[in-house]
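Biologist: I should like to learn how aromatic pairs and a nonpolar core are read from a model. Could we take these features in turn?

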Amino acid sequence: MGARLSTLKEHLQDSVQDGEEERFFVDIELLVLSFATGIQDAISYPDYHCFASNQTGNTVLLALAAADVGTDLFNTANTCLSLGVFLGGCFIMGQIGNTLGARKRWWLILTNLFSTALMFVAAGLQYALPVLVSGPRALGVITLLAFSSAAQVAMARPLNVPQITTVSRI
Amino acid sequence: MVLESADSDRYEQAMATAAWVDLLVDPRFTKLKNHQRNRRFLFLAMLTLGSFVGAFTRAKVNSPLALLLCSILKLVVTGLFFLNPATTDICK
């Protein structure tokens, strides 16, 4: 039992191979995450009139809001929050990863689990309460989704597969 | 920002638009063995497919189910990280 725990601990402490060294697991993982991002952004725009991960889209919407153009087509508060949370999340999760070891197996598992948990909570909130385009509930779900996306991107980048960023535009 | 070349990993723009461009202007586009092209194509295909799945799930059922599906996929990836090969001791 002790030996097994020790082996598991060593396994978790390993740094995993990046996309230049290994082409099977890394590719599959990032492609599945890309698929998940597609699902997420397909519901975030119609539900909250902003993107949760497509931050170029949000930046354009922000410029339109500043110019007071087409503001009935999107929600300015949601757009600003999504952009801010995403950028903050990238910084926080990226820098923590840099400090702790961005390709350590335990970090990849923990950060991805955290990102997944945020997504589950967002799904639970949407299921339990009616989806509203604006207001505190919308802001809460957007925060969860944008931070989850940021954690995912910050996790994926050190895996060194620039062809598969897992998000549509950053 | 400008791409250094379609072959370059280091100077690549991390955008889906750039991925489309890189895919189509790749000088090795027609080569049988071209892993970078395959990666770009699969990334764009998965992102697009995911968007369609999300859109139709929302239209036919509801958003929470789409987010639940998204969460489950992310959870699967979390489990897959247990299987990634480790770098050698020298690389560490």
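Modeller: Let us begin with the aromatic pairs; the model is a predicted one. Over all chains, the structure holds four aromatic pairs.

Biologist: By what is a pair of aromatic rings described?

Modeller: A pair of aromatic rings is described by the distance of the centres together with the angle of the planes. Here, A:F24 and A:F25 form an edge-to-face pair, at 5.1 Å centre to centre and with 80 degrees between the planes. A:W106 and A:W107 have ring centres 6.2 Å apart and planes at 80 degrees, so this pair is edge-to-face as well.

Biologist: Are A:F24 and A:F25 buried, exposed or partly exposed?

Modeller: The class follows from the relative accessible area: under 20% is buried and over 50% is exposed. A:F24 has 51% and is therefore exposed, while A:F25, at 21%, counts as partly exposed. In the tryptophan pair, A:W106 is partly exposed at 26%, and A:W107 is buried at 7%.

Biologist: Where do nonpolar side chains tend to be placed in soluble globular proteins?

Modeller: In soluble globular proteins, such side chains tend to be buried together. In this model, the largest nonpolar core has 52 residues. The members that touch the most others are A:L30, A:L145, A:L159, B:F43, B:L67 and B:F81. At least two residues each are supplied by α2 (25-48), α4 (76-100), α5 (105-128) and α6 (136-156) of chain A, and by α1 (16-25), α2 (35-60) and α3 (63-80) of chain B. The largest share, 13 residues, comes from α6(A).

Biologist: Which residues are in contact with A:L145, leaving aside its neighbours within four places in sequence?

Modeller: They are A:Q40, A:A52, A:M119, A:A122 and B:L67. A:Q40 itself is found in helix α2 of chain A and counts as buried, at 1% relative accessibility. With the same neighbours in sequence left aside, the contacts of A:Q40 include A:L145, A:S149 and B:C70.

Biologist: How many helices and strands are there in chain A?

Modeller: Chain A has six helices and zero strands, in the order α-α-α-α-α-α along the sequence. Its C-alpha trace spans about 60 × 35 × 25 Å along the principal axes. Of its 170 residues, 53% count as buried. Among the contacts in chain A with a separation of 6 or more, 72% join residues 24 or more positions apart.

Biologist: What supplies the area that chain A exposes?

Modeller: Chain A exposes about 7200 Å², and carbon and sulfur atoms supply 69% of this area.

How values were computed. Residues numbered from 1 in each chain as written. Chains lettered and ligands numbered in written order. Predicted model: local features only at pLDDT ≥ 70, side-chain atom pairs only at ≥ 80, totals over all residues. Heavy atoms only, no water. Core = buried A, V, L, I, M, F, W, Y, C linked by side-chain atoms within 4.5 Å. Buried < 20%, exposed > 50% of the residue type's maximum accessible area, 1.4 Å probe, protein only. Helix = DSSP H or I, 4+ residues; strand = E, 2+ residues; numbered from the N terminus. Contact = heavy atoms within 4.5 Å. Areas by Shrake-Rupley, 256 points an atom, 1.4 Å probe, with all protein chains shown as cover. Phe/Tyr/Trp six-rings, centres within 6.5 Å; stacked < 30°, edge-to-face > 60°.
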